[in-house]
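Here is a short tour of one protein chain, written for someone who knows the bench well. Please keep the sequence and the 3D view open as you read.

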Amino acid sequence: MEEVGGGGWWSTKAMGGRERNENSREGRRGAMGGGAVVFILGFGNIGIHLAKRLHPFDVKILATKRSWGRLAQDSSKSEAPSVENGGYADLVDERGNHTDILKFASKADIVVCCLAMNSETAGIVNNDFISVMRKGAILINIARGGLLDYDAVLTHLKSGHLGGLGIDVAWTEPFDPSDAILKFPDVVITPHVAGVTELSYRYMAKVVGDVALQLHGGEPFTGIEIVN
C-alpha cells in the first residue's frame, strides 16, 4: 500500500513499519520541499497554473514548450499570467524546447507531464527519457496516458530506478485494476479527476457558451486551445 504523508512518499512494508524512500539526493528532498527540482514537460495553461502552485514550496522549476512566443499570444486570451507583464517569468528558472527534454529530465527530482497528445508526443516519455532521470525521481502524468511508454515505465519501476509514479490518466481507461504497474507500493493512480472542481466546470461552461456565441455571430474563436 502507498500513502503520502509528512511531505514525502512512504512505502508501507510487510512488517508494518514505515520507511522513507531514500533513493539518492536526500530522498528527493522529501519528494516536495525546498531545493527540489521540478520539470514541467509542456508549459501550456495547465503547466503555468501548476508552476504558480509550486512556487511557494521554494522549488526550482524547469519547463519546456514548443514555442514560447505562442505562449505570449495565448496568455492574452486566458486566465494564465501574461507574458507581456512578466507574469510567468518569475515562475520558471530555466526554459527550453523539445531538444532540451532529456537534459531537463536528468536534472529533475520530479517530472510532471502536461503535454497535449498527438503523433509527435505519443510515447515521448520512453526508455531513453526515464533512463536519464535521476535514480529515485518521481514521474507524474496528468495529461494523456499514451504520453508514457508503458513498457519503459514498468521496467524502471521493477528496477527501482523510478522512485514513484503518479498518474491521473492511464494507457487504457478504465485501467485494469490487476495491472502489474499497480502492484508497486510507490504508484498512485486517480481516476482522471484532477480537473473536476466546481470552478473548472463553471469555466468550461463559460468557454462553451462563448464559443457558441462566436459561432452564431460568425466571429473567429478566441480564448480556447484545442488539444484533441
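## The chain as a whole

Welcome to the overall picture. The chain holds seven helices and 10 strands, and please keep in mind that this is a predicted model. Of its 228 residues, 41% are buried.

How do the contacts spread along the sequence? Among contacts between residues at least 6 apart in sequence, 63% join residues at least 24 apart. As for the outside, the accessible surface of the chain is about 12,300 Å², and carbon and sulfur atoms account for 56% of that surface.

## The largest nonpolar core

Now let us look inside. The largest nonpolar core is built from 30 residues, and Phe39, Phe129 and Leu139 are the ones with the most contacts inside it. Several elements each supply at least two residues of this core: strands S4 (37-41), S7 (110-113) and S9 (164-167), together with helices H4 (101-107), H5 (127-132) and H6 (150-159). The largest share comes from H6, with four residues.

Phe39 is a good residue to click on. Which residues does Phe39 touch, leaving aside its neighbours within four places in sequence? Its contacts are Leu62, Ala63, Thr64, Ile101, Phe104, Ala105, Ala108, Ile110, Val111, Val112 and Phe129.

## A second core

Apart from the largest core lies another one, of 18 residues. Among its members are Ala36, Leu91, Val112 and Ile138. Val112 is thus worth a second look: this residue of the 18-residue core is also on the contact list of Phe39.

## Cysteines without a bond

How many disulfides does a search of the whole structure find? The result is zero. Why is Cys113 not bonded to the closest cysteine, Cys114? The two sulfur atoms are 6.8 Å apart, which is too far for a bond, because a disulfide needs sulfur atoms within 2.5 Å. Cys114 is likewise in no disulfide, as its nearest cysteine sulfur is that of Cys113.

Are these two residues buried or exposed? Cys113 counts as buried, at 0% relative accessibility. Cys114 is buried too, with a relative accessible area of 14%, because the cut-off for buried is under 20%.

## A nonpolar patch on the surface

Finally, back to the outside. Val193, Val196, Tyr201, Tyr203 and Met204 make a nonpolar surface patch of about 470 Å². One of these residues, Tyr201, sits in helix H7, which covers residues 198-216.

Notes:
Residues numbered from 1 in each chain as written. Predicted model: local features only at pLDDT ≥ 70, side-chain atom pairs only at ≥ 80, totals over all residues. Heavy atoms only, no water. Buried < 20%, exposed > 50% of the residue type's maximum accessible area, 1.4 Å probe, protein only. Contact = heavy atoms within 4.5 Å. Areas by Shrake-Rupley, 256 points an atom, 1.4 Å probe, with all protein chains shown as cover. Patch = residues over 30% accessible without salt bridge, like charges linked within 9 Å, V, L, I, M, F, W, Y side chains within 5 Å. Salt bridge = Lys/Arg side-chain N within 4 Å of Asp/Glu carboxyl O. Core = buried A, V, L, I, M, F, W, Y, C linked by side-chain atoms within 4.5 Å.
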